[in-house]
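Welcome to this short briefing. Please take a moment with the sequence and the 3D view before reading on.

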Amino acid sequence: MSTDLFIRNVRPLGIDLVDIHVSNGRIGDIGPGLKPPTLDAEKIDGSGRLVFPGLIDAHAHLDKSLLGLGWQRNEVGPALRDKIDNERRMRVERDIDFHQQTTRVARRYIEYGTTHIRSFVDIDTDIGLKAFEGLMRTRQDLRDQVTIQVVAFPQSGMLCRPGTVDLMEDALRNGAELVGGLDPSTIDRDPARHLDEVFRMAEHFDVDIDIHLHEPGDLGAFSVELIAERVRAVDWRGRVTISHAFCLGGIDEGYLQQLIELLLENDIAIMSHGPSGTGTIPPVERLYRAGVRMCTGNDGIRDAWGPLNMPDMLLRAFLLAYRNNFRRDEQIEMVLDIVTNGNARVMKLDKYGIAPGMPADLVIVDGETHVEAVIERPPRWLVIRNGNVVARDGTLVDQSDPQDPASGP
Ligand SMILES: [Zn+2]
């Protein structure tokens, strides 16, 4: 049970200085000049700092990270297949401990103020459920500090690697909350059958769907149509995310407008993370302003695919803004809305935000404005989860290492 907190002088986005009373893990009163509670409460003076709701990553791959294993010299080839095959080879050769690696990266996420993560987990016929089992242990170990939603993901292909569907079903029976799909034409080379299988599992296990779609231009757009057809057929509206959707930036105007209407009709969300590279990306602002549910995440963190990403959602906000050439404050505020409220909607967190009655998930940082904090990315002064302080000055409060029985309280 958390103790009560009385946080004075902090500034939520768009609001002047307020005090926040936290009781039983939830936000109680919030407003300027609140009377301090008479009962015992830890008093925290925010001194005018900024407060964000708990940050959310709606697209992570905790199982892929090589964080803490020394610098991984990256010499991977340019094609998607090169990266998939290189990773499969490397993790068998190195005998990756998925519990250790997912714990390492999740703990860093918490230090950066993240309270919720949707993580894909690779399921294939080489590693079976090893990565899934490691991630599920981490999810349990860290449940008081971060909520991890798990997607059973056929990274190496699904139909093209017989046995993968059985393993995905095992994961779904044992706690995976979503079913993933991957490039139905270019990886499995059988889009209708791939998507039919994904939707069959979704219906059978009554779970949401998140599909990686890297396919470019008209080919990817055709996959979007096939996904929308299936959403309509089984009424999976509001339950499907298409991640990356690079194709939406590579089709003509008339077709794009048609697909936007299809996304809206079927309430399909789009995940875009402002990737590096020169390929097309979805027009984030246009989709957002049209009312398409948008979300974002870091994708892989320091893994065999590349070393560029970090588990910091303010950095992700910066990169999404940078890649989309957003310069106006209102555009960067839109990105912050995607990182917080957009990600919360996609993850179905119906209680989220800085308001009375919401879980007290708060991140407090130095800074003049929230937009400036995206650019400066100050250390997280305080991270609060369900009313408990879980990190201070960018460092976890609980330093015990779950891998090391000798450490910890
Ligand atoms: Zn991904």
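How many of the 10 residues of helix H4 (residues 164-173) are buried? The count is 7, so helix H4 is mostly covered, given that buried means under 20% relative accessible area. Please keep in mind throughout that this is a predicted model. The notes below begin with that helix, then turn to the zinc site, two helix pairs, some buried loop residues and the backbone.

**Helix H4 and its surroundings**

- The buried residues of H4 are Thr-164, Val-165, Leu-167, Met-168, Glu-169, Ala-171 and Leu-172.
- Their cover includes two helices, H3 (130-141) and H5 (191-205), and it also includes two strands, E7 (147-153) and E8 (178-182).
- Just after H4 comes Gly-175, with a positive phi of about 120 degrees.
- Two of the buried H4 residues, Leu-167 and Ala-171, are also touched by Leu-129, which is described under the loop residues below.

**The zinc site**

- Three histidines and one aspartate coordinate the zinc ion: His-59, His-61 and His-212, each through NE2, and Asp-299 through OD, at 2.1 to 2.2 Å.
- Along the chain, these donors follow the spacing H-x1-H-x150-H-x86-D.
- His-61 sits in the loop between strand E5 (55-60) and helix H1 (80-94), while Asp-299 sits in the loop between strand E12 (294-295) and helix H9 (313-323), so this pair ties together parts that are 238 residues apart in sequence.
- Is the site regular or irregular? The angles among the 4 donor atoms run from 89 to 173 degrees, and the site is irregular.
- The reason lies in the cut-offs: a tetrahedral site needs all angles between 85 and 135 degrees, so the value of 173 degrees rules that description out.
- Both His-61 and Asp-299 are buried, and for Asp-299 the relative accessible area is 15%.

**Helices H6 and H7**

- The axes of helix H6 (residues 217-234) and helix H7 (residues 253-265) come within 10 Å and cross at roughly 25 degrees.
- H6 and H7 are therefore roughly parallel to each other, and their crossing is left-handed.
- On the H6 side, the contact is made by Asp-218, Ala-221, Phe-222, Val-224, Glu-225, Ala-228 and Arg-232.
- On the H7 side, the contact residues are Tyr-255, Leu-259, Leu-262, Leu-263 and Glu-265.

**Helices H2 and H3**

- Helix H2 (residues 98-111) packs against H3 at an angle of about 45 degrees, and the two axes are 7 Å apart.
- That angle makes H2 oblique to H3, and the crossing of these two helices is right-handed.
- From H2, Phe-98, His-99, Thr-102, Thr-103 and Ala-106 take part.
- They meet Lys-130, Ala-131, Gly-134, Leu-135, Arg-137, Thr-138 and Asp-141 of H3.

**Buried residues in loops**

- Leu-66 is found in the loop between E5 and H1, and it is buried, with a relative accessible area of 4%.
- Not counting residues up to four places away in sequence, Leu-66 touches Gln-72, Met-90, Ile-96, Gln-101, Ile-301, Arg-302, Asp-303 and Ala-304.
- Leu-129 belongs to the loop between strand E6 (114-122) and H3, and at 15% relative accessibility it counts as buried.
- With residues up to four places away in sequence left out, Leu-129 touches Ile-123, Leu-167, Asp-170 and Ala-171.
- Leu-129 and Gln-101 are 28 residues apart in sequence, with a C-alpha to C-alpha separation of 15 Å.
- Asn-266 has its place in the loop between H7 and strand E11 (268-271), and its relative accessible area is 0%, so it is buried.
- Asn-266 touches Ala-228, Val-231, Arg-232, Arg-237 and Gly-238, again not counting residues up to four places away in sequence; Ala-228 and Arg-232 also appear in the contact that H6 makes with H7.

**Backbone notes**

- Most residues other than glycine have a negative phi.
- Asn-9, in strand E1 (residues 5-12), has a positive phi near 55 degrees.
- Asp-299, one of the residues that coordinate the zinc ion, has a positive phi of about 60 degrees although it is not a glycine.

Technical notes:
Residues are numbered from 1 along each chain as its sequence is written. This is a predicted model: local features need pLDDT of at least 70, side-chain atom pairs count only at pLDDT 80 or more; totals for chains, interfaces and linings use all residues. Side-chain values use heavy atoms; hydrogens and water are left out. Donors are N, O and S atoms within 2.8 Å of the metal (3.2 Å for Na, K and Ca); water is not among the atoms, so sites may look incomplete. Four donors count as tetrahedral if all angles lie between 85 and 135 degrees; four count as square planar and six as octahedral if opposite donors are over 155 degrees apart and all others between 65 and 115; anything else is irregular. Helices (H or I, at least four residues) and strands (E, at least two) are DSSP runs, numbered from the N terminus. Buried means under 20% relative accessible area, exposed over 50%, partly exposed in between (1.4 Å probe, protein chains only). Axes are lines fitted to C-alpha atoms, for helices over the stretch in contact, and angles run from 0 to 180 degrees between N-to-C directions. Angles under 35 degrees count as roughly parallel, over 145 as roughly antiparallel, 65 to 115 as roughly perpendicular and the rest as oblique. A crossing is left-handed if the near helix is turned anticlockwise from the far one by less than a right angle, and right-handed if clockwise. Contact means heavy atoms within 4.5 Å.
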